[in-house]
Amino acid sequence: QQGHNAYKQNVGNTVIPKEQLLLKLYDGSLKFLALAKRGMETNSPKIKGENITKVLNIITELDCALDMEKGGEMAENLSSLYSHIMYSLVQANLKNDIESVSNVEHLIREIRDGFQEVMNQGAKAVCESPELNEEYRGGMQVAI
């Protein structure tokens with residue numbers, strides 16, 4: 001009981017910054033895509049389907065979370081890219097197409113690496129110029 005109470009207290013006190021959560025979602029998508037490909041290679045439709053569904057759920061949520069008003073063209077471009085990813089995954093699932101899953105993997109990795117780069121540059125800029133802190137955080141909210 002004591003351990004359970006300590007766990008509940010720590011869970012309530014744990015806060016993950018939005019930027020780190022975004023990276024974790026992309027990382028999870030990449031992990032699930034690798035598992036889906038393994039399911040295709042081993043002729044396991046259950047593993048393939050479950051993992052493609054997980055990625056579709058993540059990408060759908062990321063798309064729904066875009067702030068089109070604040071994000072403008074960047075949010076629109078991300079939404080289009082997310083739609084392309086979702087369509088490609090549905091087709092890959094239907095056709096058992098490993099190459100399409102690999103292409104989606106590449107796209108998600110590019111998006112993830114781009115956000116990581118922005119975060120790294122933003123963190124550096126914030127350290128050097130505290131006035132940029134608000135601008136940096138506002139830009140990241142586009143995709144979260």
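1. Let us start with a pair of neighbours. Helix 3 and helix 4 (residues 68-95) have axes that come within 10 Å of each other and cross at roughly 165 degrees. Since angles over 145 degrees count as roughly antiparallel, the two helices are therefore roughly antiparallel to each other. The crossing in which helix 3 passes helix 4 is left-handed. Please keep in mind as you read that this is a predicted model.

2. Which residues bring these two helices together? On the helix 3 side they are K48, G49, I52, V55, L56, I59, T60, L62 and D63, and they meet S79, Y82, I85, M86, L89, V90 and N93 in helix 4. By character, the residues of this contact divide into 10 nonpolar, 4 polar and 2 charged.

3. Now a step back to the whole protein. How many helices and strands does the protein have? There are 6 helices and 0 strands, and reading along the sequence gives the pattern α-α-α-α-α-α. Of the 144 residues in the protein, 35% are buried. If you look at the contacts with a separation of 6 or more, 64% of them join residues 24 or more positions apart.

4. Helix 3 deserves a paragraph of its own. This helix runs over residues 45-64, which makes 20 residues, and from its first C-alpha to its last it reaches 28 Å, close to the 28 Å expected at 1.5 Å a residue. Its buried residues are K48, G49, N51, I52, V55, L56, I58, I59, L62 and D63. Several names here will be familiar from the contact with helix 4, including K48, G49 and I52.

5. One of those buried residues is worth a closer look: N51, which lies in helix 3. Is N51 buried or exposed? Its relative accessibility is 5%, and because buried means under 20%, N51 counts as buried. Once neighbours within four places in sequence are left aside, N51 is in contact with F32, L35 and A36.

6. Next, please find S29, whose place is in helix 2 (residues 18-41). With a relative accessibility of 0%, S29 counts as buried. What does S29 touch? Leaving aside neighbours within four places in sequence, S29 is in contact with V55, I58, I59 and I108. Among these partners, V55, I58 and I59 also appear in the list of buried residues of helix 3. You can also locate S29 relative to N57: the two are 28 residues apart in sequence, and 9.4 Å apart in space from C-alpha to C-alpha.

7. Two loop residues round off the tour. N43 lies in the loop between helix 2 and helix 3. Its phi is near 55 degrees, a positive value in a residue other than glycine. Is N43 buried or exposed? At 64% relative accessibility, N43 counts as exposed, because the cut-off for exposed is over 50%.

8. The other loop residue is N96, found in the loop between helix 4 and helix 5 (98-128). Phi of N96 is likewise positive, near 55 degrees, in a residue other than glycine. N96 has a relative accessibility of 36%, so N96 counts as partly exposed.

How values were computed:
Residues numbered from 1 in each chain as written. Predicted model: local features only at pLDDT ≥ 70, side-chain atom pairs only at ≥ 80, totals over all residues. Heavy atoms only, no water. Helix = DSSP H or I, 4+ residues; strand = E, 2+ residues; numbered from the N terminus. Expected span 1.5 Å × (residues − 1). Buried < 20%, exposed > 50% of the residue type's maximum accessible area, 1.4 Å probe, protein only. Contact = heavy atoms within 4.5 Å. Axes fitted to C-alpha atoms, helices over the stretch in contact; angles between N-to-C directions. Parallel < 35°, antiparallel > 145°, perpendicular 65-115°, else oblique. Left-handed = near helix turned anticlockwise from the far one by under 90°. Nonpolar A, V, L, I, M, F, W, Y, C, P; charged D, E, K, R; others polar.
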